Amino acid sequence: MADAIQWIRSLIFMIVIYAWMLVLGIVFAPYALFAKKGALQACKLYARTTLWLARWMVGIRFEVRGTVPVDEVVIGAKHQSFLDIMIIFHAVPHGKFIMKRELLWTPMIGLYARRLGCIPVNRGKKGVAVAKMVKDVATEFAEPGQLVIYPQGTRVAPGARKPYKVGAAVLYEGLGFACVPAATNAGVFWPRTGVMRKPGLAIVDFLDPIEPGVEREAFLTRLEEAIETRSDALMREVGFDPDGVH
């Protein structure tokens with residue numbers, strides 16, 4: 001019975017946050033079209049509201065740990081669900097995301113992604129995509145911000161293992177900025193598929209930065225070890241055993 005009630009609450013929550021996305025997108029669209037500040041304000045408001053509704057409607061609290069990056073950096077983040085996107089965007093001053101190109105054609109999301117300075121990537125053409133990504137990022141970083149990239153390239157279920165791709169290393173080398181690893185356990189409570197949302201404490205932990213100048217293979221090894229080790233620890237902290245998935 002309790003699970004059924006939580007599922008119903010989760011369904012209502014999902015309807016509310018997507019309806020709210022549409023409302024905000026329409027209301028702020030004229031402002032966002034003429035001023036990038038308008039897009040940032042709209043998306044910040046949406047993130048705050050979504051996180052508040054998650055706590056009130058389905059019992060998901062959130063916590064940010066570590067030193068939140070405020071300078072120009074690359075954030076290499078574990079990606080388990082939409083929730084970790086909201087927490088990171090809420091935490092940093094001006095988050096810009098490496099995103100799949102298809103999202104540009106999504107109503108409202110495409111407009112705001114462009115205005116925020118998000119970088120689309122065509123994942124079907126890997127070599128061309130990486131080269132274009134570096135070029136686009138270099139252009140976009142004429143304005144300050146924190147560039148968020150998901151080194152595994154997609155959402156990964158808690159406990160699942162997927163390889164880390166070279167894109168994060170290429171950006172790290174090309175931009176010459178420090179890379180801040182970010183770990184999370186968000187997928188334990190807000191899975192990448194399905195309706196059910198589980199109550200608990202979702203955490204994003206910003207870890208010690210990897211300073212510029214580390215060789216590519218060593219960088220990827222350090223990034224993966226930092227993110228995976230800490231994400232596993234955060235999942236265990238809330239009672240989920242990532243080793244039990246294998």
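The exercises below, each with a worked solution, deal with charged and aromatic side chains in a predicted model.

**Exercise 1. Find which parts of the chain are tied together by the salt bridge between Glu-237 and Arg-65, and state whether each residue is buried or exposed to some degree.**

Solution.
- Step 1. A search of the whole structure gives 8 salt bridges. Side chains of opposite charge can pair when their charged atoms come close.
- Step 2. In the bridge between Glu-237 and Arg-65, the closest N and O atoms are 2.6 Å apart. The cut-off for a salt bridge is 4 Å, so the pair qualifies.
- Step 3. Glu-237 belongs to helix α7 (residues 216-237) and Arg-65 to strand β1 (residues 60-66), so the bridge ties together parts 172 residues apart in sequence.
- Step 4. Arg-65 has a relative accessible area of 18% and is buried, because buried means under 20%. Glu-237, with 43%, is partly exposed.

**Exercise 2. Describe the salt bridge of Asp-232 with Arg-161 and name the network that holds these two residues.**

Solution.
- Step 1. The closest N and O atoms of Asp-232 and Arg-161 are 2.8 Å apart.
- Step 2. Asp-232 is in helix α7, while Arg-161 is in the loop between β5 and α6; the two are 71 residues apart, and the pair links distant parts of the chain.
- Step 3. Asp-232 counts as buried at 9% relative accessibility. Arg-161 is partly exposed, its relative accessible area being 41%.
- Step 4. Salt bridges link Asp-232 and Arg-161 with Lys-78 and Glu-228 in a network.

**Exercise 3. Work out where the partners of the salt bridge between Arg-230 and Asp-205 lie, and how exposed each one is.**

Solution.
- Step 1. Arg-230 and Asp-205 form a salt bridge whose closest N and O atoms are 2.7 Å apart.
- Step 2. This pair links distant parts of the chain: Arg-230 is found in helix α7 and Asp-205 in strand β7 (residues 200-206), 25 residues apart.
- Step 3. With a relative accessible area of 25%, Arg-230 is partly exposed. Asp-205 counts as buried at 7% relative accessibility.

**Exercise 4. Classify the aromatic pair of Trp-52 and Trp-56, then the pair of Phe-82 and Trp-190.**

Solution.
- Step 1. The structure holds 6 aromatic pairs. One of them joins Trp-52 and Trp-56, with ring centres 5.7 Å apart and planes at 15°, so this pair is stacked.
- Step 2. Trp-52 and Trp-56 are 4 residues apart in helix α2 (residues 36-58), which means that about one helical turn separates them. Both Trp-52 and Trp-56 are exposed.
- Step 3. Phe-82 and Trp-190 form a tilted pair, with 5.8 Å from centre to centre and 50° between the planes.
- Step 4. Phe-82 lies in helix α3 (residues 82-91) and Trp-190 in the loop between β6 (179-184) and β7, so the pair ties together parts 108 residues apart in sequence.
- Step 5. Phe-82 and Trp-190 are both buried. Together with Phe-13, Phe-82 and Trp-190 make up one aromatic cluster.

**Exercise 5. List the residues of the positive surface patch and locate Arg-155.**

Solution.
- Step 1. The patch is formed by Lys-100, Arg-155, Lys-162, Lys-165 and Arg-192.
- Step 2. Arg-155 sits in the loop between β5 (146-149) and α6 (167-175).
- Step 3. Patch residues need over 30% relative accessible area. Arg-155 has 35% and is partly exposed.

Methods. Residues numbered from 1 in each chain as written. Predicted model: local features only at pLDDT ≥ 70, side-chain atom pairs only at ≥ 80, totals over all residues. Heavy atoms only, no water. Patch = residues over 30% accessible without salt bridge, like charges linked within 9 Å, V, L, I, M, F, W, Y side chains within 5 Å. Areas by Shrake-Rupley, 256 points an atom, 1.4 Å probe, with all protein chains shown as cover. Salt bridge = Lys/Arg side-chain N within 4 Å of Asp/Glu carboxyl O. Lys, Arg positive; Asp, Glu negative; His and termini not counted. Charge placed at Lys NZ, Arg CZ, Asp CG, Glu CD. Buried < 20%, exposed > 50% of the residue type's maximum accessible area, 1.4 Å probe, protein only. Phe/Tyr/Trp six-rings, centres within 6.5 Å; stacked < 30°, edge-to-face > 60°.
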